[in-house]
Amino acid sequence: MAVTENKSYCRICGSGCGIIVTVDDQQVVKVRADEDHPVSKGYTCPKGRALGFDHHRAERLEVPMIRENGVLRQASWDHVLDDLAAKLTSIMGISGPRGVGTFIGGGGFLDASGFFSLLAFLGAIKTPSAYSDMTIDSVAKALAAELVTGITGLEPRADLANTKMVIFVGTNPVISHTRTINMHAPTAAMRDMRAHGAQLWTLDPRKSETAMRSDGHIQARPGMDYAVLGHAIRELLIEGADRDYIARHTQNVEGLKAAVERFTLDYANKVAGVEPDLLEQFVAAIRKAGRLSVEAGTGVTMQRAGNVTQWLALALMAVTGSLDREGGAWINPGRMNRKDRKDFPAAPEAGWQRSGPESRPELGGIGGEYPCAAMPDEIAAGHLKALMVWGGNLEVCLPETPKTYGALKQLEVLATFDIRHTRTTDIATHILPCKDQLERADMTYVTDTSFPLLVSQYTPAVLQPIGQRKAFWWIVGQLGRRMGLDFFPGFKLEGATDDSFLEYILRSSETDFAELKQKRLMADPPVFGWVQKFVDEKVGGWRLAPEPLAGQLRDLEQRESAEEPRSLILIPRRQKHHENSRLTDLRDPPQVFMNAQDAEAAGLTEGVMVRVKSANGDLHRPLKFDPTLRPGCINVPHGWSDDMNVNRLTSTTRDVDALTGMLLYSGLEVEVEAA
């Protein structure tokens, strides 16, 4: 066959960068950036360029498998699906719908048919036992948005073309592009923003790659970013806030004033460990900019003060008149879903919390999900007997690894949709091999809210599926038939294709599939004002001081008055070539990163194998000195298995957030010693 070049887009993360895949007889020769792509404009990261390696890796899944008599073996699709359907039907007959649960990770979110199939599955069997990676790394975003705006899951993004200031809090978009600002070609984007007069500031205990490219860097104590934001809000409410905007579009400004009153210059210096002159420079920069955007990442959302920090980030944008306004932050409604054109009720400030599962009623959760921390107890109690895993490696991502991994082994059914063998497929009862992103037609159904414009993308398949891999929709549709359930009403499975299923997904969308398929990418300018209109009409203005969050801020005062811990504080870290557990690359080896000053105090030398231990567990990795880290904290990157898994340090019972049920993945007190 002739060598072909195929345009597509990357689905390693939600940024959706344009790529060109060079193929020689079903062999990926090269993946490079698409210079003509109107959004990513010739940029892609090392993870995207590694898609060929990922597709051809030795541990890929090619055939369905089933565990019988304790042995995992290859089997036909009919046998695996017949057996799975019979077991799920039996479990629901005995335990009801809650006996069957689902978990969706990045591999499912970034596949349009996978995500839609999950929603259809949940809607048909009506199980309350839904889990996702939201309660691993991002639930604070959903909670703060719901309480401040009345809409769950809103994520303000910088108006890149007009912004005068962007504040990065616990995020490093130069390395990790998704879930925050989604700057394609991040270094160039930061340079462009500065060229039109924008100030860039970073709040991070580490002098990250983003901090190195910023105008100001605040290296606060880990977990104390909220004190810096609280100080800025306090000072702006004295001088510099947009008072006319506050009067017309917000509520309870007095409650916000009271909440941040303690964050004087001296107190913020004491609590956050930031020099007073730097705090003054930060506030002066905000006053000068006027409008701004605050971009918070997993350095915030995975720790104790995650909810509070997300709330104060929104509050800072509100008091400067920056939320949903040009020059500040905009909220992408999604080009396919167009939330700005839909009518829905506002979420209340009180009475919103869902009750937890029977085994862990205190773990309420939000967004129609149970927190992942509840999963092992639900299994042990016999309430959760089957788990369908949509594109996630649970051994690597769920908390308290020994307890959770042990619980997963006790399930009657552990069915995994995946493209490669993992520590989760090692213990699965049913393995359902899916098409990878080069083998399927796809569109930005979930991630179209992630772009700096209103964007919809489509790509055809680049390669033929390896072995017997099937699309999510085909597997779920066939399973439904065997269970006597129609997961996709009105859709005919016979003769269906990826394209016909994508068209089915868009049947009620304003986006015409035929036009999208023909154009491949459709883009419109950002839209402003739709959330403001919703909030004014249905909420009565931005809720500046929701009581659940104000209460958590009050509770944090006791920790602020305590002495700085003698233990080291664990903070998360993204790696350049490594993407969670989906793309592991030994150019980013699993190491413990530590400031030389802390290492020397502990009598440790670079390269030695160390033991990192918390109150919950321990892990073993080699030590690497990192001068970019503030003394007193360490980095342990996630996504690695076995005794290198950072989740061995976490607990499903200690330090669980009372509002969301999410446990601490970051901000843990740890000790480091020679192994």
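**View 1. Helix α20 is largely enclosed by the rest of the structure, because nine of its 12 residues are buried.** This legend and those below describe a predicted model. Helix α20 covers residues 472-483. Its buried residues are F472, W473, I475, V476, G477, Q478, L479, G480 and M483. At 1.5 Å a residue, the 12 residues of α20 should span 16 Å, and the C-alpha atoms at its ends are 17 Å apart, which agrees. Just after the helix comes G484, with a positive phi of about 75°.

**View 2. Helix α10 has 13 of its 14 residues buried, so the rest of the structure largely encloses it.** The helix is made of residues 225-238. A rise of 1.5 Å a residue gives an expected span of 20 Å for these 14 residues; the end C-alpha atoms lie 21 Å apart, in agreement with that value. G240 follows α10 and has a positive phi, near 120°.

**View 3. Helices α12 and α16 pack at an angle of about 125°.** The first of the pair named here, α12, holds residues 253-260, and α16 holds residues 306-319. Their axes are 12 Å apart. The angle makes α12 oblique to α16, because it lies outside the range of 65 to 115 degrees for roughly perpendicular axes and is not over 145, the limit for roughly antiparallel ones. The crossing of α12 past α16 is left-handed. On the α12 side the contact is made by L256, A259 and V260, and on the α16 side by W311, L312, A315 and V319. By type, the residues of this contact are seven nonpolar, no polar and no charged.

**View 4. R338 has a positive phi, near 45°, although it is a residue other than glycine.** R338 sits in the loop that runs between β14 (329-330) and α17 (375-380). Its relative accessible area is 8%, so R338 is buried, the cut-off for buried being under 20%.

**View 5. D642 is a residue other than glycine with a positive phi, near 55°.** The loop between β26 (633-635) and β27 (669-674) contains D642. With a relative accessibility of 36%, D642 counts as partly exposed, because that class lies between the limits of under 20% for buried and over 50% for exposed.

Conventions:
Residues are numbered from 1 along each chain as its sequence is written. This is a predicted model: local features need pLDDT of at least 70, side-chain atom pairs count only at pLDDT 80 or more; totals for chains, interfaces and linings use all residues. Side-chain values use heavy atoms; hydrogens and water are left out. Axes are lines fitted to C-alpha atoms, for helices over the stretch in contact, and angles run from 0 to 180 degrees between N-to-C directions. Helices (H or I, at least four residues) and strands (E, at least two) are DSSP runs, numbered from the N terminus. Angles under 35 degrees count as roughly parallel, over 145 as roughly antiparallel, 65 to 115 as roughly perpendicular and the rest as oblique. A crossing is left-handed if the near helix is turned anticlockwise from the far one by less than a right angle, and right-handed if clockwise. Contact means heavy atoms within 4.5 Å. Ala, Val, Leu, Ile, Met, Phe, Trp, Tyr, Cys and Pro count as nonpolar, Asp, Glu, Lys and Arg as charged, and the others, Gly among them, as polar. The expected span of a helix is 1.5 Å times one less than its number of residues. Buried means under 20% relative accessible area, exposed over 50%, partly exposed in between (1.4 Å probe, protein chains only).
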